[in-house]
Amino acid sequence: MMTDPLTDFYVHTALVSVENGVNGLGETITVDSDPFPCFINDQAKLVRDAHGQSTIGATTLTCSNRYAALFHMDGVVYQLLSDGSRIPKGRIVLVNTADSGALNLPDHTTVSLV
């Protein structure tokens, strides 16, 4: 198995929180993923969401393709700091997976957050 050439750039840690229904009191239940390494870039840019609508993306997250299945539309991404605190980075609006196949280029997943 080839090592991920982008591993050195994944200097942040994040998790994804998704809604998992409602409890008997009408409160939304959320489920958090396990933490994973990534690169988080806080920079506003114009992106198209999954429905083709233009929106302002506030943050872009890049990680290994092995974490691509964690990202569901409207999930919330949190950055984990070394002290254990969680900083909300935004809601998932678009997920792009780059898979180069036999070209052996760096495969990665890019997620746009608002």
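Two strands are taken to pair if DSSP finds at least two bridges between them. In this predicted model, strand 3 (residues 36-48) and strand 4 (residues 54-63) are a good place to begin, since eight bridges join them and the two run antiparallel. Within this pairing, Asp-42 finds its bridge partner in Thr-59 of strand 4. The hairpin formed by strand 3 and strand 4 has five residues between the strands, and there Gly-52 adopts a positive phi near 85°.

Strand 4 also has a second pairing to explore. Five bridges join strand 4 to strand 7, and here too the strands run antiparallel. Leu-61 illustrates the arrangement, with Val-111 in strand 7 as its bridge partner.

Leu-61 appears again when attention turns to the interior. The largest nonpolar core contains 13 residues, and those touching the most other members are Phe-36, Leu-61, Phe-71 and Val-77. At least two residues of this core come from each of strand 1 (12-22), strand 3, strand 4 and strand 7. Strand 3 provides the largest share, with three residues. Such a grouping fits a familiar pattern: in soluble globular proteins, nonpolar side chains tend to be buried together.

Val-77 deserves a closer look. Not counting residues up to four places away in sequence, Val-77 touches Ala-14, Leu-15 and Val-16, together with Leu-61 and Phe-71. The remaining residues that Val-77 touches are Ile-87, Pro-88, Lys-89, Gly-90, Ile-92 and Leu-113. Two of these, Leu-61 and Phe-71, are named alongside Val-77 among the core residues that touch the most other members.

The loops offer some details of their own. Asp-74, in the loop between strand 4 and strand 5 (76-80), has a phi near 75°, a positive value in a residue other than glycine. A positive phi in a residue other than glycine is also found at Asn-104, where the value is near 60°. Asn-104 belongs to the loop between strand 6 and strand 7.

That loop, between strand 6 (86-98) and strand 7 (108-113), also holds Ser-100. Is each of these two loop residues, Ser-100 and Asn-104, buried or exposed? Ser-100 has a relative accessible area of 17% and is therefore buried, because buried means under 20%. Asn-104, with a relative accessible area of 53%, is exposed, because the cut-off for exposed is over 50%. Leaving aside neighbours within four places in sequence, Ser-100 is in contact with Leu-105 and Asp-107.

Notes: Residues numbered from 1 in each chain as written. Predicted model: local features only at pLDDT ≥ 70, side-chain atom pairs only at ≥ 80, totals over all residues. Heavy atoms only, no water. Helix = DSSP H or I, 4+ residues; strand = E, 2+ residues; numbered from the N terminus. Buried < 20%, exposed > 50% of the residue type's maximum accessible area, 1.4 Å probe, protein only. Contact = heavy atoms within 4.5 Å. Core = buried A, V, L, I, M, F, W, Y, C linked by side-chain atoms within 4.5 Å.
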